[in-house]
Structure formats: structure tokens, C-alpha cells
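User: Please take a close look at a single strand in this structure and at the strands that pair with it. Then set that part beside other local features of the chain.

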Amino acid sequence: MAQADGHLFLCTNTTAEQTLAGVMPAVRVASLRDWKKLCVAGASGGAGALDPSAPDAGAGAGAEPAVDPQMLAEAASWKELVLPGLDFPVRQLSINATGKLLVLAGDRRILVAILPISIHANVPSLECKTHPVGSILYAADRANHIAKVAWLPLSDTATHLAVLSSNARLRIFDIAANQANPEQAIRLDSRAAESGGGDDDDDHLGMAGSTSLRHRTNAARFGASLDEHEAVSFSFGSSHDARGWGSFTVYALMRNGDIVSVCPVVPGRLRVPLQLIHNLKQETDIEWRDADPAQSTEQSSHFYWRSKWLQELLDQAPNQPGVLSGDIVGRKPVGTAKLALARRGPYLVQPSAASIELDQASDLVYIPTPSAAVLAVASTDGHIAVYLELDPPCPNWHMHDINASRILGSVDDPEQDEQSLPALAWIEMIDLGLQQSRGNTAVVLAADPKHRDVVYAYHSHGVHSITLGCYAGLLEVDDTADECMDQQLGNSIVRHIAALSHTSSDSMAENTTVVGLAVISEIYLGYSLVLLTSDHQLFGEMLTMRAPAVVPGLASPSHRGKKAPAPAAFQEQTPSALEGHLYKLPAIFQGAFPRRPKLVGSAAAAAAPGAGAGAGYPMFINAQTLVKASEHIAAIRDDLRLLYNAKHDMVEHVQRQVQENTMQIEKLSDIAARVQKQEEHQQRIMERAEQLRERQQRIAKKLDVVLQIVIDETQPALSAAEIQWANELRQKELETRGDLNVRIEQARDRAAAVVAQYLNEAAEAREVRRQREKTKTEMLGSGQMRRLREALVNEYQVINHAAEKVEALQQEVEALEAGRA
């Protein structure tokens, strides 16, 4: 199940028997907006016409709802997508950022469908164009399966698809350019060090020799070794935060719980923020400048290639000096194309304890924060480990001499010591409370699109919402962050959203499981989630919107400069004057008031024409009239007492309202005073900032003058000859750099030709000598022997001279590369 742009996509798989009978999986799509309209109409009683047997909307409180939600889902406008080539069970469904490409992935098949523009039309079915992805790579590999697919977030065209297979191969396909062969292939297992990090040639099935069969089967691996090389999931770093290399990092999870990362991973056509690349370039230059001069050659090479990689991106930025806003839209840097990416890891978890190890990991999710990154790892036994990344990611390549095809620096060593491994800090272990009798089940993690500290974990038995307690402690980067972090440890909130309980009275099938989850966060659709079960039933629930805990700028002076209090601590100290005194209409006004008594009298006289006001009163006084008069007087007295009590209650409530109004006015005055103080404080800060800016400019001008004086005193102006010599050196460098490779190749070809010629002539000479010794019919004289020896000496000198030229050219190349570095 997947959702995008107000549409919900469902795929119904078929059993093996149905597939043999010709019944293929089907993909259906429905408009969530239309579904919501039906739900709103059903809640208000307007959709009762959908079910004639439904009870009336005016029925009692115990009546059943007029329309069943499942029936509303079936009544929505569903369309069936006709997808040629969809003849395999679908395990994953995903839509790209533009909502135009739908990928369907099975165990060994991937199909990408192009969604037509007419998907919004009210038609029963739509035919889509489809393209198989990597069919040769995955369909013939019977030992491995596809673990996860995801769209690359940095792709400018939104057509780059990342596919992770169980043998720890991450391949990136450009769907718009080539669906058969990957644009990039990255190895993520520990054996990447043995092959230099690149993808094996045998992965392309071109050569199916004995070596290929050895890598394509699991016969040589079992137990822990098998789990160590089996990848189960991966996650991209955040593309929202303009800091660090997290946006270019891919984190992968192995079956045994190991976490590895590779950086930088970018598509062939990418879009990245200019500010991010500029900041990374400055940080790299500063780190390179402050690095230890006695550092290794490999470390210096890493800084060089990292700086070159960033500079190639900056060269593609719009030529607007001083403007750092906007994005860089360009191609992947080609300077490091011949360098294979090296993985970092496996990450070392601190503290190391057996209680926090995950033996059967199932999924991984990356959670960005302003100060650090959080990784959540789920296992099949219902446990979720939360880690904090201590070592930020950075680019890492296998350093190769491309021309000589030999390794210059060290690569990943599977047996490297723990000090060289990147570290993760264990924060918390969350137990979802799965029953052990149900057995292990794959737990899938999904990040919330609205709140970054919320993660959803769903498995075959239900769905859980997890609010990470450590997230609040990472929002602020200050001196109190560590203290707040310690207070938040272990405070994650786990809420059970849905659970499938198979009871005897339940109509749900015994083998019903949760197969899909979609979190919706749109303006029209609201904030909710949709759950799909294996028997094609949909369940939805509205999610709670959050309110800010503290209104910015209203903190008391004693709390300024400190962290914002928790939501529970933000309750007002002064109780309301109306608390416990809700206004109610007095009972006397709820009936007929005032009560007008009817006195005993002559009705005919009262109704006669021209009768006066007292015509209805009795013309005589006796005991009966006096008793009736006393009753009326008592009723009037009761009405007056009730009226007086009602007046007293209303006056008291008005006084409370006046008191509450006075308190509210005082609070508003206090808030207005605080706002005024904040504005004055902000104005003072702006003035101080302006003064500091002016002072910085004056100091910079003074420093420029002093620096120029120092330069003039220590480095006098160059003479004309020196300037000419520098220009000639620059010209020579350009000429050498332009045709250096051609000259080297020509020299190598000449040397190879000379060596081959020498070997051929030597072989011919040996054959001649052998024939002459065999026949012994002709002997060379001394003069001929001398001339032959001189000719051989001359040939040897020519070969030796050519070899010296080759070595000299190679030394010049190495000197130029060292000078540029």
C-alpha cells in the first residue's frame, strides 16, 4: 500500500494456485478526497441511501451507524490499473516524489509503472506503461532476493531508484535513461575490502564461470557468517538539514544487527542546496589546513578528493557572487568516478552489552535532529533499539592508483581494531510486547511525515506509535543539552494503535495480518493513518495534532536563557475565578414565569362587552374566595423568593465574571509588557549587532592594511624575469597536463614495441644458432661475430634509453600530481 497526492494505491496479490490458473496480482487506486466526502456524509446521515437496510439517522443512541466504514471504502471511486508484466507477488510499493512513477518490487522482480495524467478521471480502469528494472540481474539470481527499494531524495528528475539485494549490493537505476543496467553499484558487506569496494563482474551474468557460481550461492556461508553478509534494509540520511554529510549518506542494516554506511551516494542528476555545499567546502578546507602535517598519504588523499568533489558541484552553481540561496542542479562529480566507495563500519555500539544486541534485525529508519542523528533498528522479536550517532558521516573512498591499478592506501580491513570503527551510543531498548507464542515476525518502521520524533512500527499483529523521548534533548545545542538528554533517556512513549486479536467471536480470519500502513498529512485530508490487512480490509484513525508547549517570547524573566519547560509544567499558577462555577439558567426562568394566577369570578361578566378591569373579580367575599386568595398570595410570594434568589445568583456570577475579566486584563497587560520588553531587548541586540558588524569591518580594514605592509616588507615585488619565468612554468604545466596522458601512452607503446622487437629478434637469433649448431655446415668468422655483437649492443642501448624516458615521464607525472595536491 502507498499513498501520494491524495490517492491510495493497493496491490492485491494472488496465491500460487491462482497464478497457475491465470489470475495475476491487481493494483487498484482510489481518491482519498472522495472517500473522505463519503465518510463525512455518512457521519451526518446523508449517505444512508447507500444502504437501504441502514437504520434511520434519528434512531436512538444505541443504534448501529447508518453506513459501515468498510462499505464506504468499497463505495469510493476505485480504479484498476492495467500493468503489463505484473505476473509476480508484490512485496513493496512506492511512489516517487512527483507522483508519476509507481514501483512494484517482488522477491526477484521489479516493475516501474508510469501513471497517466487521466488518473484523476472517473473511469473504471487505466492502462499504464511499464518497464522492468534489472531483470537480468535479479531474475536469474536464485540465491538472493530484493530486500528493499526506495527513491533517491536528491534526484533532480525523481527517476533514480535504489535497490538493495540480500547479498548487500546497493544498485542505483536511472529509470528515465536505462532500466536494465544500474547507474551505480555499491558493495556494503565486509568482503568489499577484498574486491576494492566495487561491484563484481560476475553480477552482470556475462561470465557464468566457476568463480561466478562461488559468489552466487550460499554454500560456503552459514550461521553468523550468513547473517553478517545478508542485508535487510537501508535508509537515506536527511535531505532537509543544511549541515554535515548526512544528506549524501546511506545507512544499511545487516541481519545480525550490524549497521554500515557509505558516503557520498548521489544520483547522476542531482539537486542539492547551494548553502550546504558551500558550508561543507569551507569545513573541508579548514580540516585539511588544521590537519597534522605528519598525516598519512591516504588521509591527505581523502581531503584532496573530498575538496575536489565539492568544488565540482560548486562549479555547476549559478554564477551569482555572494548569493548562497537556491539549489545546485547538475550532474554527479566525475573526478572521483574511478574511485570505489568504501563503507564505514560496522558501527560500534557503546556501551557494549548482550542485552542490547539484535540477532534478527528487520528494518532501519533514520531520524534527523539539529545536533545529531538518531537511528532506530527493529528486530523480529518485537524489540526496537534506539541509537545516537557519535561519529558524523564523511566521504570515504578506496584509494587506487588508476593508471597502475594498484592500491595506494589501505582499504576496509575486516579485522580492524575497534578504535577505528565509527561509534553509536545506545539510548534505549523499546519492547513492543509481542507474544512469543506468535513467533518472530518482521517489524517494519515508518517515519511520520509531520513530526520527526514519531516512528510507526507495524507487524503482522498490529501497529504501534512510538514518540522518541530522546528527541527533545537534541533540539537545542547548548550547555544544558547533556543534562536534558540524561533526563529524557528511556522516556519514549509507545501507543498501541491497532491490534489484531483473533477470537472465536471475531469475524476476522485466523490468518489475517497487517500488510501495509500509510500516514496521511495533507491540508484537506488532515492528519491520519490508514491500515491494510491481508484480507483487503482498510482501517483508519485520526491522529492527534500537537499544540506548542510554550508560546515564544512569553517566558518569564527568571527562565530566560534556559530550556523551555515541559508541556505539563506550563499550566497557569492562578486558578480561574469561574472554575467550578459554570453558568446555568435559573430554574425559575426554565418554566412559565411569571405565573399569573386566575382568581375565582364570573367568567360571563369578565367576557361581557364594556367590562372593566375588575369585572372578573368576585362580587362577594366568603371563605372559599379567601382561601383561594391566600393560595394565590402564597404562589406570588414563592415567585418573588425564587426571583430574588435568581437575581442574587446572577449578581454573584456577574461579579465572578468581572473578577475573571480583571484577571485576564492583568494577564494581557503582563503579556503586553513582556512583549514590549522583548521588542526593546531585540532592538538593543540589533543595535549591538550593528555596532559589532561595523567594528568588524573596521578591524578587517586595519588587518588588510597591516597584512599588506607585512607582505610588502617580507615579499618584495617580482622582477620582470621572475614574472616571465612564472608564466612560462604555467604554460609548461598546461601543455604537460594537456597531452601528458597521450605522451605516456605513446611512450609505453613504443617501449612495448621495442621490447617485442627485441624478443622476436632474440628468438630468431637463437633459432639461427640452433640450426647452425645442428647442421654445422657453416660457421661465422670472427669479423661477422664482432659485427653481430655490436648490433646487439646497439639494440640494447636503444631499449635501455627508451626505458629511461618512460621512467622520467612517470616521475614528472607523479611530481605534477603531488604539486596539485
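Analyst: Two strands are said to pair if DSSP finds at least two bridges between them. The model examined here is a predicted one. The strand chosen for the close look is β31, which covers residues 526-533.

On one side of the account stands β30, residues 514-522, which runs antiparallel to β31 and is joined to it by 8 bridges. The connection between β30 and β31 is a hairpin of 3 residues. Within this pairing, S521 is placed opposite Y527 of β31.

β31 also pairs with β32, residues 538-542, again in the antiparallel sense, over 5 bridges. Here L532 stands opposite L538, a residue of β32. The hairpin of β31 and β32 has 4 residues between the strands, and in this hairpin H536 adopts a positive phi near 65°. As for the surroundings of β31, 7 of its 8 residues are buried, and the strand is therefore largely enclosed by the rest of the structure. Buried here means a relative accessible area under 20%.

Positive phi values occur elsewhere too. A158, although not a glycine, has a positive phi of about 60°. A158 belongs to the loop between β10 (146-151) and β11 (160-165), and its relative accessible area of 10% makes it buried. A168, likewise a residue other than glycine, has a positive phi near 65°. The loop that holds A168 runs between β11 and β12 (169-174), and A168 is buried, at 0% relative accessible area.

Loops also hold cis peptide bonds. One of them joins C263 and P264, with omega at about 0°; P264 sits in the loop between β16 (259-262) and β17 (269-273). Another runs from G345 to P346, with omega near 10°, and P346 is located in the loop between β18 (327-331) and β19 (348-350).

C263 leads to the cysteines. The whole structure contains 0 disulfides according to the search. C394 takes part in none, and the cysteine sulfur nearest to it, that of C263, is 7.0 Å away. Because a disulfide requires two cysteine sulfur atoms within 2.5 Å, the 7.0 Å to the sulfur of C263 leaves C394 without one. C394 is partly exposed, at 23% relative accessibility, whereas C128 is buried, at 3% relative accessible area.

A further arrangement of strands is an open sheet, in which 5 strands follow the order β1-β2-β3-β4-β8 with mixed pairing. Its edges are β1 (2-4) and β8 (125-127); each has a single partner strand, so one side of each lacks a neighbour in the sheet. From one strand to the next, the twist averages 25°. The partner of β8 is β4 (residues 78-82), and these two pair in the parallel sense over 3 bridges. Within that pairing, V82 has E127 of β8 as its bridge partner.

Finally, the surface offers a setting unlike the enclosed strand described above. I636, L640 and L643 form a nonpolar surface patch with about 250 Å² of accessible area together. L643 lies in helix α13, residues 623-714, and is partly exposed, with 32% relative accessible area.

Conventions
Residues are numbered from 1 along each chain as its sequence is written. This is a predicted model: local features need pLDDT of at least 70, side-chain atom pairs count only at pLDDT 80 or more; totals for chains, interfaces and linings use all residues. Side-chain values use heavy atoms; hydrogens and water are left out. Buried means under 20% relative accessible area, exposed over 50%, partly exposed in between (1.4 Å probe, protein chains only). Axes are lines fitted to C-alpha atoms, for helices over the stretch in contact, and angles run from 0 to 180 degrees between N-to-C directions. Patches are made of residues with over 30% relative accessible area and no salt bridge: like charges are joined within 9 Å, nonpolar side chains (Val, Leu, Ile, Met, Phe, Trp, Tyr) within 5 Å. Accessible areas come from the Shrake-Rupley method with a 1.4 Å probe; for residues, only the protein chains shown count as cover. A salt bridge is a side-chain nitrogen of Lys or Arg within 4 Å of a carboxyl oxygen of Asp or Glu.
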